[in-house]
Amino acid sequence: MTETTLRAGRVDRRTAETDVSVALTLDGTGRASIATGVGFLDHMLELLARHALFDLEIKVTGDLHVDQHHTTEDCGIALGQAFAQALGDKRGIRRYADLHLPMDEALTRVAVDISGRPFLVFRTEFSREKIGVFDTELVREWFQAFAMNAGITLHVETLYGDNQHHIAESCYKGLARALRHAVEVDPREGGRVPSTKGSL
């Protein structure tokens, strides 16, 4: 990989339940154009792009007359696939990242390994079923869909917090900042795959 290589992915995913289009550039400026039909999800994905410094375009037409589940999950699937596509063979990346992300009274710990081995540990609880009209259980559904399709090992744990919006936001911002660091090109790697196995 050279400095001029564009790390980008594009996925169009159509099912009987949703029609999802995602365009992702990892080496961006945080520009986002998000239209999922789910306001809270739009907000989370906009801040994900901004804090990861990814350029991100997402458009979803989903069966919102049923509920927000399919739209949220399928958005995570498609974005995860675009992320994996953009990374390619993962040469030269830092691979690992972890941090604690404060959001007012809430604190969430996020650790990521761009490993090629999808796994999610999600230890975040919500005391209410809704944030506005958004089902809080869908936060985990999105993270599960993204991690499985991105091919990453992802640990998310909210250590404490009271405001449900802040808790969710700390998860997405924490993921953004961790991914931003993990996908960075490490000049000391010299373009090698960061694994003793030689592949990820």
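**Note on the nonpolar core, helix 4 and helix 1**

1. In this predicted model, the largest nonpolar core comprises 59 residues. Those with the most contacts inside this core are Leu 79, Phe 83, Trp 142, Phe 143, Ile 152 and Leu 154. The element that gives the most to the core is helix 4 (residues 164–182), which supplies nine residues.

2. Phe 143 illustrates how residues meet in this core. When its neighbours within four places in sequence are left aside, Phe 143 is in contact with Leu 120, Phe 122, Leu 154, Val 156, Cys 171, Tyr 172 and Leu 175. One of these partners, Leu 154, is also listed among the core residues with the most contacts.

3. His 165 lies in helix 4. Is this residue buried, partly exposed or exposed? Its relative accessibility is 27%, so His 165 counts as partly exposed, given that buried means under 20% and exposed over 50%.

4. The surroundings of His 165 include residues distant in sequence. Its C-alpha atom is separated by 9.5 Å from that of Lys 130, although the two residues are 35 residues apart along the chain. Residues up to four places away in sequence not being counted, His 165 touches Phe 40, His 43, Met 44 and Ile 131.

5. Helix 1 covers residues 39–52. At 1.5 Å a residue, its 14 residues should span 20 Å, and its end C-alpha atoms are indeed 20 Å apart, so the two values agree.

6. The buried residues of helix 1 are Phe 40, Leu 41, Asp 42, Met 44, Leu 45, Leu 47, Leu 48, Ala 49 and Ala 52. Leu 53 follows the helix and has a positive phi, near 60°.

Terms used
Residues are numbered from 1 along each chain as its sequence is written. This is a predicted model: local features need pLDDT of at least 70, side-chain atom pairs count only at pLDDT 80 or more; totals for chains, interfaces and linings use all residues. Side-chain values use heavy atoms; hydrogens and water are left out. A nonpolar core is a set of buried Ala, Val, Leu, Ile, Met, Phe, Trp, Tyr and Cys residues joined through side-chain atoms within 4.5 Å. Buried means under 20% relative accessible area, exposed over 50%, partly exposed in between (1.4 Å probe, protein chains only). Helices (H or I, at least four residues) and strands (E, at least two) are DSSP runs, numbered from the N terminus. Contact means heavy atoms within 4.5 Å. The expected span of a helix is 1.5 Å times one less than its number of residues.
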